[in-house]
Amino acid sequence: MHDEAEGPPSFLGPGISIQGVLEITGELVISGYVRGHIAALKLVIAAGGHVEGDVIAREVVIAGRLDGRAFAPNVTVEASAQVEGRIFHTNITVARGARMSGRMPWRPVSYFETLDKLPEVRA
């Protein structure tokens, strides 16, 4: 994963649509649309934000939509969230009202310490 980084978060606003690979050494807040892979220290999918793809971070907060996989020791799924896919976690909080379709497999902290890139999709 990434070394600790300081500074303000990076923002992708509601009018932004990106396709590709994003690697952020700090916090990333997404209010727009991203299709691809994201690696960040902390990832926030804000209400109205949409990520289609896989994400890896130390902490993930989902208030918008995630279609794909999340790999993070700490995950928070807000009431406004829509998730379709898998969330690999050590600790997860799911608010009442969140819409979830998929699995939430638990993983020990050691799993994330050795995870330096996203695992390949298995058929």
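Two strands are taken as paired where DSSP finds at least two bridges between them. In the predicted model described here, β8 and β10 satisfy this criterion, being joined in the parallel sense over seven bridges. Within that pairing, G68 has G85 of β10 as its bridge partner.

The chain comprises one helix and 12 strands. Along the sequence, these elements follow the pattern β-β-β-β-β-β-β-β-β-β-β-β-α. Of its 123 residues, 43% are classed as buried. The chain exposes about 6900 Å², of which carbon and sulfur atoms supply 49%. When contacts between residues at least 6 apart in sequence are considered, 13% of them join residues at least 24 apart.

The strands are arranged in open sheets. One sheet of six strands has the order β1-β3-β5-β7-β9-β11, and its pairing is parallel. Its edges are formed by β1 (10–12) and β11 (91–94); each of these has a single partner strand, so one side of each lacks a neighbour in the sheet. From one strand to the next, the twist in this sheet averages 10 degrees. Strand β7 is joined to β5 by four bridges, the two strands running parallel. In this pairing, K42 has E59 of β7 as its bridge partner, and I45 stands opposite I62 of β7. Strand β7 also pairs with β9 in the parallel sense, over four bridges. Here I62 has V77 of β9 as its bridge partner. Residue I62 thus appears both opposite I45 and as the partner of V77.

Another open sheet of six strands has the order β2-β4-β6-β8-β10-β12, again with parallel pairing. Strands β2 (17–23) and β12 (99–103) are the edge strands of this sheet, and each pairs on one side only. The twist from one strand to the next averages 10 degrees. The β8–β10 pairing described at the outset, with its seven bridges, lies within this strand order.

The nonpolar interior was examined next. The largest nonpolar core contains 24 residues, and L28, I30, I38, L43, V51, V60 and I62 have the most contacts inside it. Elements giving two or more residues to this core are β3 (27–30), β4, β5 (42–45), β6 (50–56), β7 (59–62), β8 (65–71), β9 (74–77) and β10 (82–88). A second core, separate from the largest one, consists of six residues, including I56, F71, F88 and L115. In soluble globular proteins, nonpolar side chains tend to be buried together.

The surroundings of L43 illustrate the contacts made by a residue of the largest core. Beyond residues up to four places away in sequence, L43 touches L28, I30, I38, V55, A57, E59, V60 and V61. Of these neighbours, L28, I30, I38 and V60 are, like L43, listed among the residues with the most contacts inside the largest core. Residue V55, another neighbour of L43, is found in strand β6. With a relative accessibility of 1%, V55 is buried, because this value falls under the 20% limit. The C-alpha atom of V55 lies 8.2 Å from that of A72, a residue 17 positions away along the chain.

Polar side-chain contacts were identified at R69 and at Y33. Residue R69 is located in strand β8. It is classed as buried, since its relative accessibility of 13% is under 20%. The side chains of R69 and D54 are joined by a polar contact of 2.7 Å.

Residue Y33 is placed in strand β4 (residues 33–39). With a relative accessible area of 25%, Y33 is partly exposed, because this value lies between the 20% limit for buried residues and the 50% limit for exposed ones. When residues up to four places away in sequence are not counted, Y33 touches I16, S17, I18, H50 and E52. With E52, the side chain of Y33 makes a polar contact of 2.7 Å to the side chain of its partner. Residues Y33 and E52 are 19 residues apart in sequence, and their C-alpha atoms are separated by 7.9 Å.

Methods. Residues are numbered from 1 along each chain as its sequence is written. This is a predicted model: local features need pLDDT of at least 70, side-chain atom pairs count only at pLDDT 80 or more; totals for chains, interfaces and linings use all residues. Side-chain values use heavy atoms; hydrogens and water are left out. Buried means under 20% relative accessible area, exposed over 50%, partly exposed in between (1.4 Å probe, protein chains only). Contact means heavy atoms within 4.5 Å. A polar contact is a pair of N or O atoms within 3.5 Å; within protein, one must be able to donate a hydrogen and the other to accept it, and residues adjacent in sequence count only if both atoms are side-chain atoms. A nonpolar core is a set of buried Ala, Val, Leu, Ile, Met, Phe, Trp, Tyr and Cys residues joined through side-chain atoms within 4.5 Å. Axes are lines fitted to C-alpha atoms, for helices over the stretch in contact, and angles run from 0 to 180 degrees between N-to-C directions. Accessible areas come from the Shrake-Rupley method with a 1.4 Å probe; for residues, only the protein chains shown count as cover.
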